[in-house]
Each structure stands twice: as C-alpha cells, then as structure tokens.
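Visitor: I have a new protein chain to look at. Could you walk me through it?

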Amino acid sequence: MKNQLKSKKELLIELQVLQEKYESLKISKANIEKKIFETNKESNSENKEFNKNPKKSRIYKTIQEKIEESENKYQTLFKSLPSGFVLFEVVNN
C-alpha cells in the first residue's frame with residue numbers, strides 16, 4: 001500500500017539505488033572469491049613445499065620463530081620476577 005503512494009519517479013530512483021547496491025555486492029563477492037582462491041593457492045603451494053623439505057619451508061621457519069619468541073617471553077618473565085614462583089594444583093577427591 002505504501003508503494004501506491006509513491007510516484008513512478010520515486011520508485012525508479014529506489015530501483016536505481018537498489019541496482020547500484022546489487023552491482024556493488026557482486027563486485028565485493030567477486031573480490032572475496034578471488035582472495036579465497038589466492039589464499040588456497042598459496043596454502044597448497046606452501047603445503048607442497050613443506051612436504052618436500054619441512055625444515056626449509058616458510059611454514060617451518062615461521063613456527064620456529066613463534067616458538068623462540070614464546071620461549072624468550074617466558075624466560076624474560078621468570079628472570080624479571082622479584083621473588084620465586086609457585087604453581088599449585090588443587091586435587092579434590
């Protein structure tokens with residue numbers, strides 16, 4: 001009933017706006033699909049590289065860097081403690 005109160009010009013303008021939004025969404029969807037394809041392509045090549053020689057792959061190097069970074073953080077934490085550190089585990093019977 002509301003649409004009956006609108007003029008043809010108003011309806012045409014709304015239609016044009018909706019068409020522009022639709023085109024924008026189609027472009028966004030295409031860009032997202034392209035990014036997903038590229039990411040999958042990179043992942044597949046990295047997996048092949050990793051399977052051929054794990055220690056030379058970029059994945060392995062990244063993992064090693066993260067492990068070293070984590071170890072350094074914990075070493076720094078424990079070295080900087082002014083007093084001792086105790087870890088308790090409560091066991092309920």
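Visitor: What share of the residues of the protein chain counts as buried?

Guide: Keep in mind that this is a predicted model. A residue counts as buried under 20% relative accessible area. Of the 93 residues here, the share that meets this is 2%.

Visitor: In what order do the elements of the protein chain run from the N terminus on?

Guide: The chain has 3 helices and 0 strands. Read from the N terminus, the order is α-α-α.

Visitor: How many salt bridges does a search of the whole structure find?

Guide: In helix α2, K26 meets E23 at 3.6 Å, N to O. K29 and E33, also in helix α2, meet at 3.6 Å, N to O. In helix α3, E69 pairs with K73, with the closest N and O atoms 3.7 Å apart. The search of the whole structure gives 3.

Visitor: Is K73 buried or exposed?

Guide: Exposed means over 50% relative accessible area. K73 has 55%, so K73 is exposed.

Visitor: What does E69, the salt-bridge partner of K73, count as?

Guide: The band between buried and exposed runs from 20% to 50%. E69 has a relative accessible area of 39%, so E69 is partly exposed.

Visitor: Which residues form a nonpolar patch on the surface?

Guide: One member, L81, lies in the segment after α3 (58-80). Patch residues need over 30% relative accessible area. L81 has 32%, so L81 counts as partly exposed. Together the members have about 390 Å² of accessible area, and they are Y74, L77, F78 and L81.

Definitions and conventions. Residues are numbered from 1 along each chain as its sequence is written. This is a predicted model: local features need pLDDT of at least 70, side-chain atom pairs count only at pLDDT 80 or more; totals for chains, interfaces and linings use all residues. Side-chain values use heavy atoms; hydrogens and water are left out. Patches are made of residues with over 30% relative accessible area and no salt bridge: like charges are joined within 9 Å, nonpolar side chains (Val, Leu, Ile, Met, Phe, Trp, Tyr) within 5 Å. Accessible areas come from the Shrake-Rupley method with a 1.4 Å probe; for residues, only the protein chains shown count as cover. A salt bridge is a side-chain nitrogen of Lys or Arg within 4 Å of a carboxyl oxygen of Asp or Glu. Helices (H or I, at least four residues) and strands (E, at least two) are DSSP runs, numbered from the N terminus. Buried means under 20% relative accessible area, exposed over 50%, partly exposed in between (1.4 Å probe, protein chains only).
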